[in-house]
Amino acid sequence: MNASADHDTPSDAAAAPAESPSTQPAGEARPPQRNQGRNGGRGGRGGRQGGDRQQRPAQAERPAGAAPARQHPVLDQLATLYPVLFGETLLPLKRGIFEDLLAAQPGVLDKDSLKAALALHARSSRYLTVVASGLQRHDLSGQPVEALTPEQVHHALIEVFRRRGARSREDLRPKLRQRILKAYEASGLSPDEYVQRMHGKDEEVNQLTRDALAEASARAAREDALLRTFEASGKTLNEFADMYGLHILDANRSLERARTRQAAKAERLPAPASAPSGD
């Protein structure tokens, strides 16, 4: 959604797909080439002057210890009015929060300034990180009122890792794959549904998504087999975990995930047709 459209909210902006996010870590900056000049950049007045010009940075760096750029003043105001939503720890905001804020603070919040502040808030890495966590949307009282869609969580997650990759030389793809796996498991979608709904222009992200779902399917198969073995064993959880060399907490988590999947599958299955009566 266009950030300049009327009634934009952080939740609307966070729902927009990230355009071709790159999961590659930022490459090493290419060192500036010296002006060799007539004397190869050494000696001579002309060579020294050219070298001085080449070494001068294009932009002045921020001095060490300098204060970071301030956020929009309306966001400072919102942090005071609603610290649970806009304070040190953020929460995903319900749709229509723009109108709610104007109605709750008549004469206090300027419409245009609020719109600009919320748009900035929605694009911030702090807010996108909260959306990527999958928390529910919250109203002005700080109460959860609605769920984020799987698409909003997925695209926020991709954008967060794209930004991290631009600042890091670490290969973040394994971590992103694990986060996609968790987002998929929390989505309640089938693998085919998830891949179809999250498909984007960046083929590397699409492949990471497919890899994450393949890993999730393999793990689900192992856990389903573990549950069948446990139910047939007649052992207690402690005895079963000890017999297979598993930590009891790991065994319990695996069994619970398998039970949850079984229950979800049972809910999706159509109800069996009732048998005809003998009348």
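Me: Buried means under 20% relative accessible area, exposed means over 50%, and partly exposed lies in between. How is Phe240 to be classed, as buried or exposed?

Reply: The model is a predicted one, and the class follows from the computed area. Phe240 has a relative accessible area of 0%, so this residue is buried.

Me: Let us turn to aromatic rings. How many aromatic pairs does a search of the whole structure find?

Reply: Two rings are read as a pair from the distance between their centres, and the angle between their planes gives the type of pair. Over the whole structure, the search returns three aromatic pairs. In one of them, the ring centres of Tyr184 and Tyr194 are 5.6 Å apart; the planes stand at 75°, so this pair is edge-to-face.

Me: Where in the chain do Tyr184 and Tyr194 lie?

Reply: Tyr184 belongs to helix α9 (residues 173–187) and Tyr194 to helix α10 (residues 191–198). The two residues are ten residues apart, and their pair links distant parts of the chain. Tyr184, at 12% relative accessibility, is buried. Tyr194 is also buried, with a relative accessible area of 1%.

Me: What type of pair do the rings of Phe240 and Tyr244 form?

Reply: An angle that is neither under 30 degrees nor over 60 makes a pair tilted. The planes of Phe240 and Tyr244 are at 45° and their ring centres 4.8 Å apart, so the pair is tilted. Phe240 is buried at 0%, whereas Tyr244 is partly exposed at 44%. Together with Phe230, these two residues form one aromatic cluster.

Me: Which residues form a nonpolar patch on the surface with Tyr244?

Reply: Met243 and Leu246 join Tyr244 in that patch, and the accessible area of the three together is about 290 Å². Met243 lies in helix α12 (residues 237–243) and is partly exposed, with a relative accessible area of 46%.

Me: Which residue lies over the face of Phe161?

Reply: Arg164 takes that place, at 5.1 Å from the ring centre of Phe161.

Me: The next topic is charge. How many salt bridges does the count give?

Reply: Side chains of opposite charge can pair when their charged atoms come close. In this structure the count is 17 salt bridges. One of them joins Arg162 to Glu159, with the closest N and O atoms 2.5 Å apart. Glu159 has a second such partner in Arg163, at 2.8 Å from N to O.

Me: Why are Arg162 and Glu159 separated by about one helical turn?

Reply: The separation follows because they are three residues apart in helix α8. Glu159 and Arg163 are four residues apart in helix α8, so about one helical turn lies between them as well. Glu159 itself sits in helix α8 (residues 150–167). Its relative accessibility of 11% makes Glu159 buried, while Arg162 is partly exposed at 30%. As for Thr129, its C-alpha is 8.9 Å from that of Glu159, and 30 residues separate the two in sequence.

Me: What joins the side chains of Glu203 and Arg210?

Reply: Glu203 and Arg210 meet in a salt bridge of 2.5 Å, N to O. Glu203 is partly exposed at 43% relative accessibility, and Arg210 is partly exposed with a relative accessible area of 31%. Elsewhere, salt bridges with shared partners join Glu185, Arg219, Glu223, Asp224, Arg257 and Arg261 into one network.

Technical notes:
Residues numbered from 1 in each chain as written. Predicted model: local features only at pLDDT ≥ 70, side-chain atom pairs only at ≥ 80, totals over all residues. Heavy atoms only, no water. Phe/Tyr/Trp six-rings, centres within 6.5 Å; stacked < 30°, edge-to-face > 60°. Buried < 20%, exposed > 50% of the residue type's maximum accessible area, 1.4 Å probe, protein only. Lys NZ or Arg CZ within 6 Å of the ring centre and 35° of its normal. Patch = residues over 30% accessible without salt bridge, like charges linked within 9 Å, V, L, I, M, F, W, Y side chains within 5 Å. Areas by Shrake-Rupley, 256 points an atom, 1.4 Å probe, with all protein chains shown as cover. Salt bridge = Lys/Arg side-chain N within 4 Å of Asp/Glu carboxyl O.
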